[in-house]
Amino acid sequence: MKTILTVIRKQENIDKFADSCADAFIMADRMFSSSYDQNDLKECIKAAHRLNRKLYVRCDRLYDQNELEALEGFLVNISEWGADGIIYSDIGVFSLLEKLSISCKGIYAPETLLTNYRDIADLKDDGVEGCVISKDIPLDDVIEIAENCPEYCYLRIHGPILIAYSHRRYIASYLQEDREHAEGYYLQEETRDTRLPLVEKKEGSWLYGTVLQSLNVIKMLEEKPFAGFIVDNVFDDDEETLRILDLYEKVIKGTLDGRTALNQLDGSREYTAIEDVRKTWLDKEQE
């Protein structure tokens, strides 16, 4: 099986993943990430290593000039604690990793930006150690990119689709509810029925769409030259993430077919199959 990285929300649940198919765990400190759970990353790294798993730290924010000193200290700390990698959205993190001679692997994950293999080939030439392909482009394009940059690109195979991240605080601005952390809110466009989950912190807002899933094509993707897969279940509890991992493992190993696995997904969620992703809504409407 390909390397699988999965989000774990709470430190106390790490041991529950001992028998899962995940090879690496993704965790975060909420000061430097969209994460809501305050984790003791030093202890999380130790716990992951006791299970012979790697631990990647999520840094999925853009950082202001006045935050750089604190960010440098954070990167040094997690490196000294033995973190295996950093998943980052701000390209400035890459330059800091070089400046500080930090050896843990850096994976660049700018959400919507990496849409062609030339961008990714240039990143590789510049020394970026890995990247996550945009989830907003057709699957044929995703596969072609991976084939042009083999064993370098990671692919999100499951989890809520991040539509937008902004420093603007929608809830504080428009509802006049100035909370340090807020979730359980949704945005809904006037002309559509879809409700978009909204996460807000003092550092900005994260707007999500439907949940991406790839159960029908995961066996085919397993044969393509990706560096690994990411299960990014940011809104679900860890027990649900374990159930999702089990479904993917069974489909990959052939003990469960994709259609049956799809029927076992949470019926209250709206899903988008990765093979149905199109470049624009116009492309979808023309089909």
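**Notebook: rings, strand E10, Ser-89 and two loop residues**

I began with charges over rings, and I noted that Arg-195 lies over the face of Tyr-186, at 4.1 Å from the ring centre. I keep in mind throughout that this is a predicted model.

**Aromatic pairs**

I then searched the whole structure for aromatic pairs, and the search returned six. One of them is formed by Phe-32 and Tyr-63, which I recorded as tilted, with 6.4 Å centre to centre and 50 degrees between the planes. I looked up where the two rings sit in the chain: Phe-32 belongs to the loop between strand E2 (24-27) and helix H1 (41-50), while Tyr-63 belongs to the loop between strand E3 (54-59) and helix H2 (68-80), so that the pair links distant parts of the chain, 31 residues apart. I checked both residues for accessibility and found Phe-32 buried and Tyr-63 buried as well. Another pair that I wrote down is that of Phe-226 and Phe-229, again listed as tilted, with 5.9 Å centre to centre and 55 degrees between the planes. Phe-226 and Phe-229 are both buried. Returning to Phe-32 and Tyr-63, I noted that they form one aromatic cluster together with Phe-74.

**Strand E10**

Next I turned to strand E10 (residues 204-213), where I counted how much of the strand is covered: 10 of the 10 residues are buried, so the strand is largely enclosed by the rest of the structure. Which strands pair with E10? I found E7, which runs antiparallel to E10 and is joined to it by six bridges; E9 (residues 195-201), which pairs with E10 in the antiparallel sense over four bridges; and E12 (residues 271-273), which runs parallel to E10 and is joined to it by three bridges.

I also took down one residue pair for each of these pairings. For the pairing with E7, Leu-162 stands opposite Tyr-208 in E10. For the pairing with E9, Lys-201 has Gly-204 in E10 as its bridge partner, and I noted that a hairpin of two residues joins E9 to E10. For the pairing with E12, Gln-213 has Ala-273 in E12 as its bridge partner.

**Ser-89**

I looked up Ser-89, which lies in the loop between strand E4 (85-88) and H3. Is Ser-89 buried or exposed? Its relative accessible area is 16%, and it counts as buried because that value is under the 20% cut-off. A polar atom of the Ser-89 side chain lies 3.1 Å from the backbone oxygen of Ala-109. Leaving aside neighbours within four places in sequence, I listed the contacts of Ser-89 as Cys-59, Asp-60, Arg-61, Leu-62, Tyr-108, Ala-109 and Pro-110. Ala-109 therefore appears both in that contact list and as the residue whose backbone oxygen lies 3.1 Å from the serine side chain.

**Positive phi outside glycine**

Last, I looked at two residues with positive phi that are not glycines. Ser-101 has a phi of about 55 degrees, and I placed Ser-101 in the loop between helix H3 (91-99) and strand E5 (105-108). Ser-101 counts as exposed because its relative accessibility is 65%, the cut-off being over 50%. Glu-151 has a phi near 60 degrees, and I placed Glu-151 in the loop between helix H5 (139-148) and strand E7 (153-166). At 52% relative accessibility, Glu-151 counts as exposed too.

Technical notes:
Residues are numbered from 1 along each chain as its sequence is written. This is a predicted model: local features need pLDDT of at least 70, side-chain atom pairs count only at pLDDT 80 or more; totals for chains, interfaces and linings use all residues. Side-chain values use heavy atoms; hydrogens and water are left out. Buried means under 20% relative accessible area, exposed over 50%, partly exposed in between (1.4 Å probe, protein chains only). Rings of Phe, Tyr and Trp (its six-membered ring) pair if their centres lie within 6.5 Å; planes under 30 degrees apart count as stacked, over 60 as edge-to-face and the rest as tilted. A charge sits over a ring if NZ of Lys or CZ of Arg is within 6 Å of the ring centre and within 35 degrees of the ring normal. Two strands pair if DSSP finds at least two bridges between them. A polar contact is a pair of N or O atoms within 3.5 Å; within protein, one must be able to donate a hydrogen and the other to accept it, and residues adjacent in sequence count only if both atoms are side-chain atoms. Contact means heavy atoms within 4.5 Å.
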